[in-house]
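Here's a quick tour of the model, written for someone who'd rather poke at atoms than read a long preamble. Have the viewer open as you go.

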Amino acid sequence: MPNGAETGTAAEAEELSVLLVGIQRLIRRRLRAGLAVPRLRGAQVELLRLVADTPGTRVSEAAEELFLAGNSVSTLVNQLVGQGLLRRETDPADRRAALLYVTDEAVERLAAWRVRRAELVGEVVAELDEAERAALAAAVPALRAVAAGLRARAAGEGSTEA
């Protein structure tokens with residue numbers, strides 16, 4: 001039977017998980033409202049961000065980095081190429097492999113999304129009192145550590161999602 005501290009930690013972990021997912025969902029919904037361009041799914045945005053940050057990424061590398069199955073990433077690539085947001089080029093070192101690059105349109109969409117997201121979250125954070133803003137700022141290093149721990153576990157498991 002778990003003791004009170006273990007139960008409290010589990011409850012806190014669950015509450016943190018629920019809050020983070022809920023915050024992300026609310027941000028996406030708010031930012032998608034009134035978009036003139038077709039919406040992108042979360043995995044599509046993740047792939048675009050990855051390729052924007054590491055131009056020339058291979059599909060297999062993207063799958064590994066995003067913890068997705070290779071065929072799932074291939075499907076995402078085909079969708080994004082079809083929308084004019086991603087470009088595929090043959091790898092000169094291995095003609096069987098493709099290198100991925102974002103298009104100018106994708107760069108613009110990602111930049112606009114980041115600006116709108118920062119404005120939205122910034123507005124809400126500005127409404128908090130000073131102590132709450134300080135608590136959020138103090139929590140950022142711990143949240144980075146949680147993200148790193150989750151990434152390390154996912155990498156160690158070698159898991160992929162379909």
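## A hairpin and its sheet

Let's start with a cross-strand pair: Arg87 sits opposite Tyr101 of strand E3. A little further along, Glu89 faces Leu99, again in E3. Keep in mind that we're looking at a predicted model, not an experimental one.

Strand E3 covers residues 94–102 and pairs with E2 in the antiparallel sense, with six bridges holding the match. Two residues separate E2 from E3, and the two strands make a hairpin.

Zoom out and there are three strands in an open sheet, ordered E1-E3-E2 and paired antiparallel. Which strands stand at the edges? They are E1 (57–58) and E2 (86–91); each has a single partner strand, so one side of each has no neighbour in the sheet.

## Helix H6 and its kink

H6 runs over residues 130–157, which makes 28 residues. From first C-alpha to last, H6 reaches 41 Å, close to the 40 Å expected at 1.5 Å a residue.

There is a bend to look for along the way: H6 has a kink of about 35° at Val140, shortly before the proline Pro141. At the N-terminal end of H6, Asp129 acts as the cap, with one of its side-chain oxygens 3.1 Å from the backbone nitrogen of Ala131.

## Gln44, a glutamine tucked away

Now hop over to helix H2 (residues 42–53), where you'll find Gln44. Is Gln44 buried or exposed? Its relative accessibility is 4%, and since the cut-off for buried is under 20%, Gln44 counts as buried.

What does the side chain of Gln44 pair up with? It makes a polar contact of 2.9 Å with the side chain of Gln79. Setting aside neighbours within four places in sequence, Gln44 is in contact with Arg39, Leu76, Gln79, Leu80 and Gln83.

## How far to trust it

On the confidence side, the chain has a mean pLDDT of 88, and 92% of its residues reach 70 or more. Where is confidence lowest, and where is it highest? The low end is helix H1 (residues 4–32), with a mean of 85, while helix H4 (residues 70–82) takes the high end at 95.

Definitions and conventions
Residues numbered from 1 in each chain as written. Predicted model: local features only at pLDDT ≥ 70, side-chain atom pairs only at ≥ 80, totals over all residues. Heavy atoms only, no water. Helix = DSSP H or I, 4+ residues; strand = E, 2+ residues; numbered from the N terminus. Buried < 20%, exposed > 50% of the residue type's maximum accessible area, 1.4 Å probe, protein only. Polar contact = N/O pair within 3.5 Å; in protein donor to acceptor, adjacent residues only side chain to side chain. Contact = heavy atoms within 4.5 Å. Expected span 1.5 Å × (residues − 1). Bend = angle between axes of the 7 residues up to and from the residue. Pairing = 2+ DSSP bridges. pLDDT = per-residue confidence, 0-100.
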